[in-house]
Amino acid sequence: MVNTGLRRQDGFPLRGRQDLISVVSRILKYSMETGQSAAVVLNGEEGIGKTALTDAVTREATRMGFATGHGRSDAAVGASRLPALVWALRTGRHPLVPAELFAELASVYERPPWLLDRIADLLESTATRQPVLMALEDVHWADELTAAALRVLPERLVGHRVVWLVSTRDTATGPISRASAEMARQLPSKIIAVPPLPTDAMLQIASDRLDGEPGPALRALIEGAGGNPLIAVELAEAAYGLDADTEPPIPERLVARVGEQLRSLPEAAARWVTTGSVLGTSFTPDTVSALLGGSTGKTVLPELTEVTRVGLVIDDGERMSFRSEVQRRAIYATLPLSTRAALHSKALQVAGSDPVARAPHLLASARPGDFAAAATLVDAAERTRESAPDDAARLAIKAIELAGPEAAEWTELAARAVGVLAETGHDREAVALADRVIARAPETTVLVRAEVSLAMPLWRLGLLQTMRSRAWQILGSTDLSERDRERLIAVTVLADSRAGDVEAARVAVDRVLAATRRAGDNEGERLARWASTEVAGLEGRYPVSGDLLGNSADLEAARKSAHAVLAAPPEDRLAAENLRVRLAWIAYLRGDLRALEKQVRLAQRLPLDEDPAWPTALLMLQTVLAAAREDSRAPDLAWQVDQSGGVHRMRWLPEWQILVARVARSSGAGPLARRGVAMARTFAERNSGLAVPAAVRAHVAGLATNDLDELRQAVDTLRPADRPLLLAAALADHGEALVGTGSRDEGLAALDQAAGLYREVGAQGELRRLYSVVRATGARRRWAPATHRPKTGWDALTDAERRVADLVADGHSNKSAATELFLSPNTVATHLRAVFGKLGISSRLQLAKVVTAQRERSHLD
């Protein structure tokens with residue numbers, strides 16, 4: 001996988017700031033409705049997105065009918081008078097001030113009081129015609145006259161519809177800071193500290209630029225970027241063309257910006273902060289002092305004030321922290337290599353014997369063959385594998401690179417590293433390293449440790465036969481201790497826990513569980529418990545056997561959640577199997593046949609040849625697809641699932657059992673119905689006292705015999721159980737049975753209740769099936785599901801296509817429509833092509849006529 005497809009066009013959507021735009025929009029609306037001035041001050045670090053937010057607010061204000069002025073200060077024009085304010089009067093397609101009136105300002109430009117007075121007159125005149133937004137960016141660079149203007153002009157225009165939007169760095173001090181605070185006191189105002197973006201928004205920014213999902217290496221860097229969107233953009237550009245697993249370099253522009261900040265500091269302060277970058281994202285002032293050879297204590301470091309003032313670090317009173325790990329690495333990149341090495345060497349002395357504290361400095365300074373450094377890195381990895389799994393894996397991998405394989409202790413160290421890699425989800429690396437360990441023919445205890453560590457990686461990779469055979473090869477050894485033997489048997493029992501004779505599996509699991517408990521072997525007992533849980537699922541022990549969707553109240557949210565888990569590392573093929581089944585079921589409930597077909601195809605491609613239960617799961621998916629297509633093969637496929645000989649816990653799923661019962665009823669397949677009743681009865685007996693299994697038994701029995709009492713019992717049992725989809729299914733089948741026996745009104749009432757639940761969760765496919773039952777009674781309902789969208793005409797357009805059509809018909813270009821809708825111009829163009837095709841037109845003029853006619857028709861309706 002490669003990070004490809006870098007897009008450089010303008011018009012990217014604004015990510016993660018809709019809540020802030022809504023806040024400012026309310027202030028704009030307040031000014032329009034009351035005729036009063038207001039103010040918004042945006043504070044934030046460099047690159048946090050103040051400019052993008054200001055641009056978005058300016059567009060929103062224009063849409064609302066504001067006249068807008070937008071000016072920006074910068075370091076290069078800081079000595080100019082009123083740089084942002086003056087230019088705000090003449091920017092944009094519709095400047096606030098006509099050219100001739102703007103030219104008159106030249107005569108008073110050298111007389112500040114008159115200049116401010118004249119600007120106030122011009123703004124007041126404009127505000128009498130329409131509300132005004134004055135957006136002034138980066139005023140921390142502005143001159144003192146701008147500070148005076150921000151004190152004088154808002155007060156002068158307080159009774160007019162003028163909204164002031166001012167952005168500044170959160171480190172700004174002096175006259176500008178005081179003027180912004182004074183403006184906020186004078187007017188109804190909102191001071192917004194622009195927060196870091198959440199990780200999902202940062203990843204969306206990278207996806208927008210790459211036109212695809214960021215790879216794991218880029219993702220890890222973005223997660224350490226402190227929520228700074230500018231850094232996300234630069235990282236995405238740096239990652240372009242690299243393999244997805246290759247970490248992109250720290251962007252040169254970021255290093256250059258950091259370098260400028262460092263050069264603006266006194267030399268001692270710059271040396272202090274660059275030294276801190278060697279210590280990690282967080283450190284204490286005393287540690288920096290120790291590296292610099294000075295006395296401890298903040299009192300000897302007046303540089304702290306300067307360092308925090310420019311925003312390079314944050315002081316919480318106890319520790320200093322860089323704003324983000326990426327920023328720290330940019331500062332670190334400014335250090336010469338020789339200086340880094342010297343500082344890391346000294347930091348090792350300061351760190352003492354703590355392996356976690358020593359690890360980052362060993363990573364930077366240790367040389368190949370340094371076995372002591374490698375051992376320390378593995379110690380640190382074992383301590384951090386739960387709190388920082390990816391970092392722990394990197395430490396383990398680096399340790400093996402450092403440790404010379406010729407060392408006598410290498411196999412012991414490598415076996416420990418296998419355990420770290422396995423527990424942190426780096427499965428392929430764990431298997432590869434374990435094979436190297438085994439090739440060295442180590443002591444049996446080391447061999448067993450490495451092999452037992454591989455249980456989880458091999459399981460996640462779906463390599464169950466490999467897992468079993470590897471363990472049995474070692475079990476053939478004659479020098480195994482009883483503890484090691486039981487551990488390996490636990491591995492084989494786990495590998496066998498997904499198929500075969502369930503009763504025999506239970507006997508084997510219980511035996512090894514008892515043996516490991518007697519031996520006090522925690523690791524062996526953990527494996528045995530894991531295997532016991534798997535066998536419990538095969539036995540239909542609820543809830544271990546599972547609900548496919550549980551208490552899900554929103555199928556769209558469940559779909560997104562499943563996709564998010566699939567996209568997240570590590571690769572887990574057995575989990576992917578379950579998730580593909582879940583996604584297929586969601587598509588079935590939503591009536592989305594195309595999505596269901598796609599999930600079945602993707603499931604068929606899963607490399608699960610070593611999972612003996614997988615063919616059964618595929619048969620189940622094909623049954624669901626056949627049922628969705630109303631294919632007559634559905635009963636035969638469901639029967640094959642039962643007769644296949646493969647065992648799969650999904651056969652106990654309540655949703656599956658109900659589907660099979662419905663298929664059997666609709667096709668008149670008596671043997672299938674009887675088999676379903678028997679299985680549901682067993683399910684209930686093995687889970688005595690639990691509501692869901694009891695309800696499934698009653699539901700399946702009621703469907704098989706058209707027993708109203710059983711179906712009513714299923715409904716009554718599920719009402720308090722918080723299983724909306726199972727309750728909806730029971731209500732639907734009970735209602736249909738009532739209608740069929742002549743109790744029309746009672747049956748329709750049950751169908752209405754089922755429809756309410758299906759609508760709430762978004763199960764449009766079930767709703768359509770339900771409505772066909774209602775229509776057969778001659779009844780009509782408001783909850784009738786939407787009909788399929790036609791292929792041509794206005795009704796064929798999606799919501800997104802209609803929004804684009806409306807804007808283009810109003811005269812928007814693709815770019816301005818993209819800006820309004822927070823889309824890219826390419827996306828707008830795609831929508832527009834679809835609109836033209838569905839409407840059978842070829843020009844914007846024709847589109848305007850169609851939209852106008854549609855609006856008139858809607859008005860008449």
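**Exercise 1. In this predicted model, identify the bridge partner of Met134 in β4 and describe the connection between the two strands.**

Solution. The partner of Met134 in β4 is Trp164. From β3 the chain passes through helix α6 (residues 144-156) and arrives at β4, a β-α-β crossover that is right-handed. Strand β4 covers residues 162-169, runs parallel to β3 and is joined to β3 by five bridges.

**Exercise 2. Determine where strand β3 stands in its sheet and whether its residues are buried or exposed.**

Solution. Step one concerns the sheet. Five strands form an open sheet in the order β2-β3-β4-β1-β5, and the pairing is parallel. Its edges are β2 and β5 (189-193), each of which pairs on one side only. From one strand to the next, the twist averages 10 degrees.

Step two takes the other partner of β3. Strand β2 (residues 67-72) pairs with β3 in the parallel sense over six bridges. Within this pair, His70 stands opposite Ala135 of β3.

Step three considers the two faces of the strand. Val132, Met134 and Leu136 point one way from β3, whereas Leu133, Ala135 and Glu137 point the other way. Residues on both faces are buried, the criterion being a relative accessible area under 20%. Since six of the six residues of β3 (residues 132-137) are buried, the strand is largely enclosed by the rest of the structure.

Step four adds a helix that covers part of the sheet. Helix α5 (residues 112-129) lies across β2, β3 and β4, and runs at about 135 degrees to β3.

**Exercise 3. State how many bridges join β1 to β4, and which residue of β4 stands opposite Gly44.**

Solution. Strand β1 (residues 38-44) runs parallel to β4, and seven bridges join the two. The residue opposite Gly44 is Arg169 of β4.

**Exercise 4. Describe the sheet that contains β6, β7 and β8, together with the helix that packs on it.**

Solution. The order of this open, three-stranded sheet is β6-β8-β7, with antiparallel pairing. Strands β6 (282-283) and β7 (313-315) are the edges, each pairing on one side only. Helix α12 (residues 267-277) packs on the sheet and touches β6, β7 and β8. The direction of α12 makes about 75 degrees with that of β8.

For the pairing in detail, β7 is joined to β8 (residues 320-322) by three bridges, and the two run antiparallel. One pair of bridge partners consists of Asp315 and Met320, the latter in β8.

**Exercise 5. Characterise the packing of three helix pairs: α9 with α10, α18 with α19, and α37 with α38.**

Solution. Two quantities are required, because two packed helices are described by the angle between their axes and the distance between the axes.

*Pair α9 and α10.* The axes of α9 (residues 216-223) and α10 (residues 229-239) come within 10 Å and cross at roughly 160 degrees. The angle therefore makes α9 roughly antiparallel to α10, for which the cut-off is over 145 degrees. The crossing is right-handed. At the contact, Leu218, Leu221 and Ile222 of α9 meet Leu235, Ala236 and Ala239 of α10.

*Pair α18 and α19.* Helix α18 (residues 371-384) packs with α19 (residues 389-402) at an angle of about 160 degrees, their axes being 8 Å apart. It follows that α18 is roughly antiparallel to α19. The crossing of these two helices is left-handed. Contacting residues include Ala373, Ala374 and Leu377 in α18, and Pro389, Ala392 and Leu395 are among those in α19.

*Pair α37 and α38.* Helices α37 (residues 724-740) and α38 (residues 744-761) have axes 7 Å apart and pack at about 155 degrees. This angle makes α37 roughly antiparallel to α38. The crossing of α37 and α38 is left-handed. On the α37 side the contact includes Pro724, Leu731, Gly735 and Val739; on the α38 side Arg744, Leu748, Leu751, Tyr758 and Val761 are among the residues involved.

**Exercise 6. Locate Glu182, classify its exposure and give its C-alpha distance from Pro154.**

Solution. Glu182 lies in helix α7 (residues 175-186). Its relative accessible area is 25%. Values under 20% count as buried and values over 50% as exposed, so Glu182 is classified as partly exposed. In sequence, Glu182 and Pro154 are 28 residues apart; in space, their C-alpha atoms are 9.7 Å apart.

Key:
Residues are numbered from 1 along each chain as its sequence is written. This is a predicted model: local features need pLDDT of at least 70, side-chain atom pairs count only at pLDDT 80 or more; totals for chains, interfaces and linings use all residues. Side-chain values use heavy atoms; hydrogens and water are left out. Buried means under 20% relative accessible area, exposed over 50%, partly exposed in between (1.4 Å probe, protein chains only). Helices (H or I, at least four residues) and strands (E, at least two) are DSSP runs, numbered from the N terminus. Two strands pair if DSSP finds at least two bridges between them. A crossover is right-handed if, with the strands pointing away from the viewer, the path from the first strand over the helix to the second runs clockwise. Contact means heavy atoms within 4.5 Å. Axes are lines fitted to C-alpha atoms, for helices over the stretch in contact, and angles run from 0 to 180 degrees between N-to-C directions. Angles under 35 degrees count as roughly parallel, over 145 as roughly antiparallel, 65 to 115 as roughly perpendicular and the rest as oblique. A crossing is left-handed if the near helix is turned anticlockwise from the far one by less than a right angle, and right-handed if clockwise.
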